[in-house]
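Here is a friendly walk through one protein model. Please keep the viewer open while you read.

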Amino acid sequence: MDLQELSKLLKTQLAHLLVSFPDAKDVVLDPDLMKPLDRVAGITFLKEHGVSKIFKLEPGKKSLQGCGKRVYLVRPRLVTMKYIADHINTEIAKGERRSYKIVMVPRKLHVCEMILESEGVMGHITIDEFPLELFPLDSDLLSLELPEFFTSFYLDNDTTWLHTVSSSLVNLQRLFGRAPNVYAIGKGAKMVYELMETMFETHKDRKDKTFHIGQIFIVDRDIDYVSLLCSPMTYEALLDESFGINCGMIDFDGEVTGDGKGAKMLLTSQDEIYTQIRDCHFSQMFSYMRDTAKKLQELENKKNNLQSVGDMKNFVGNDLKVLKQQQKLLTTHISASEAILKMKGKTDFEDFIRAEHNLLEGVENKENMTYIEECIQKQFSPILTLRLMCLASLTQEGLTQREYKALKTQFLHSHGFEHLVTMFRLKKLGLLTEQEVSQSSMRLGTAKVPGISVKKSNYRALNRKLGLVPNSEDINLQQPTSLSYVFSGAYTPVPCKLVEQILTRDTLIGLEDVGRMCGGLYADVKTKSQGISMPGPGNPAMKVILVFFLGGCTFSEITALRLVAKLHGFKIIVATTAITTSSRFIESLVEKVHR
């Protein structure tokens, strides 16, 4: 099963779109689509299909120079449609004549067409769509690159993007065969499953018994916010948190590369050194890199023992090129690790981690609250402070009224009253809430805020049922067997634990209570993976698992699922609406203020 088939399909569709608008043309790209399109097609591919110039869509520009044909490749957002309409109207007023095509990615929305019509440009354009859905970032990782899905669905209750998620899963199964077993964990996951089934019924496909993916898990992000808020401890997750990994690409600054210029680097399993260290706990990385450096040195020393011209030719032709490449990669990763340590050294990292672990274990509550108040008073990073506040609320299943009022008031005084909107959003999602109060208090109106339906945290019950916070003494960080090693043994991500439980038990019996606490656990199981008849264990496809995260996942969770695959002999492919970090997650909920 080659995930690159998805890229080939997308390239074919993009080529068809460009060819259908003949002759030389300019392309105006939505900034959010630049990295995804680069991974799927690349600039050379666009040039080969008649693209003359490539522009970035910028709010300030009212018009663009270029040839007589223009294609806009954009996300279907209302503000984007307004920018495009401004371009077209300005150019028409100047007397410039062009043909315009607007391609919405991944699909057309009627509301966008309404905006274009109200701006009076519908008569000058043609509209199309490019279904840029799931595409591979690595051999075991697929993404929709739709970071707005989380706030759109979970915060605003907008179901628009559920169609895209369902369509992407349907198209994936049309390519690789329909998976016999599907598990949906959470309310959103159930909606995606039902929409997926409707799509299959609407388009009757050929009844092909072969399949390459045996089991699909669709998981709601809101079943586990805690793992989003925990500090990552594996190399890949720390790279994403420190430098930002965008579509598998990372931008290292001059300090890391050592040449003062900086460099872009593609992080995939094709990089042998990166594949070995990306899932390592950060504390174990340096011993691995030291061993790798020794092996490379031994390889380099081979040149001193060359006996003949043939040996020398073979060494220069084969070993030398690989050696130089490996040495360069190793140097970059060592420098990146040192940069991460330096960044952590500039913050109150040890105290922060101690408070985080205490909150997860439910100990030293008074000291934890004092530390959070200190972070607020010292005007510590508001993002990191909010992370601790939300973690305190989730692990205690709500702060006491006194704690909530004190922390909220102090935070607003320290960082600005515009964060009242931030507090509203956090409360609505159930991230920062008060504990339930008595009926008399509710009658006085102190418990509820109009318009907020607060989601209750089930942290303690889930911890009890699934053993999410293990005894840290049992955690082996060098040869891990516990999924909690991704957070130094402090916490096990719920989605990963549930996937492991369902796969190893091969039954949902005993998980009913957990399912209810997660908003529902629904299964459509056509084939017992432990059964004898085909398709069963004789079919290796039953060992291929797709785990789809609705609303984003972190590299820590991806690493935990890779460990599940390694421990139990599965091949797990992770798919997600976007890859996120705790900082990006909180930033998406923080009110933006332009001072």
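The report below goes through domains, sheets and one helix pair.

This is a predicted model, in which local features need pLDDT of at least 70 and side-chain atom pairs count only at pLDDT 80 or more, while totals for chains, interfaces and linings use all residues. Residues are numbered from 1 along each chain as its sequence is written, and side-chain values use heavy atoms, leaving out hydrogens and water.

Let's begin with the domains. The assignment, whose bounds come from an automatic or database source, lists domain 1 (4-132), domain 2 (133-224 + 471-595), domain 3 (235-346) and domain 4 (349-448). Taken over C-alpha atoms, the centres of domain 1 and domain 2 are 32 Å apart. Contact (heavy atoms within 4.5 Å) links 16 residues of domain 1 with 17 residues of domain 2.

Next come the sheets. Helices (H or I, at least four residues) and strands (E, at least two) are DSSP runs, numbered from the N terminus, and two strands pair if DSSP finds at least two bridges between them. One open sheet has 5 strands in the order β2-β1-β3-β4-β5, with parallel pairing. Its edge strands, each pairing on one side only, are β2 (51-56) and β5 (125-129). Another open sheet has 7 strands in the order β6-β7-β15-β14-β9-β8-β13, and here the pairing is mixed. At its edges are β6 (135-138) and β13 (521-525), each paired on one side only.

Two parallel strand pairs from these sheets are set out here.

| Strand pair | Bridges | One bridge pair |
|---|---|---|
| β1 (residues 25-29) and β3 (residues 69-74) | 4 bridges | leucine 29 and leucine 73 |
| β8 (residues 181-185) and β9 (residues 215-220) | 5 bridges | tyrosine 183 and phenylalanine 217 |

Helices lie across the strands too. Axes are lines fitted to C-alpha atoms, for helices over the stretch in contact, and angles run from 0 to 180 degrees between N-to-C directions. Helix α4 (residues 78-93) lies across β3, β4 (99-104) and β5, at about 165° to β3. Helix α8 (residues 187-202) lies across β8, β9, β13 and β14 (544-550), at about 135° to β9.

Finally, look at α10 (residues 235-242) and α24 (residues 555-568), which pack at an angle of about 170° with axes 8 Å apart. The two helices are therefore roughly antiparallel to each other (a term for angles over 145 degrees). Glu236, Ala237 and Asp240 of α10 make the contact with Phe555, Ser556, Thr559 and Arg562 of α24.

Key:
Parallel < 35°, antiparallel > 145°, perpendicular 65-115°, else oblique.
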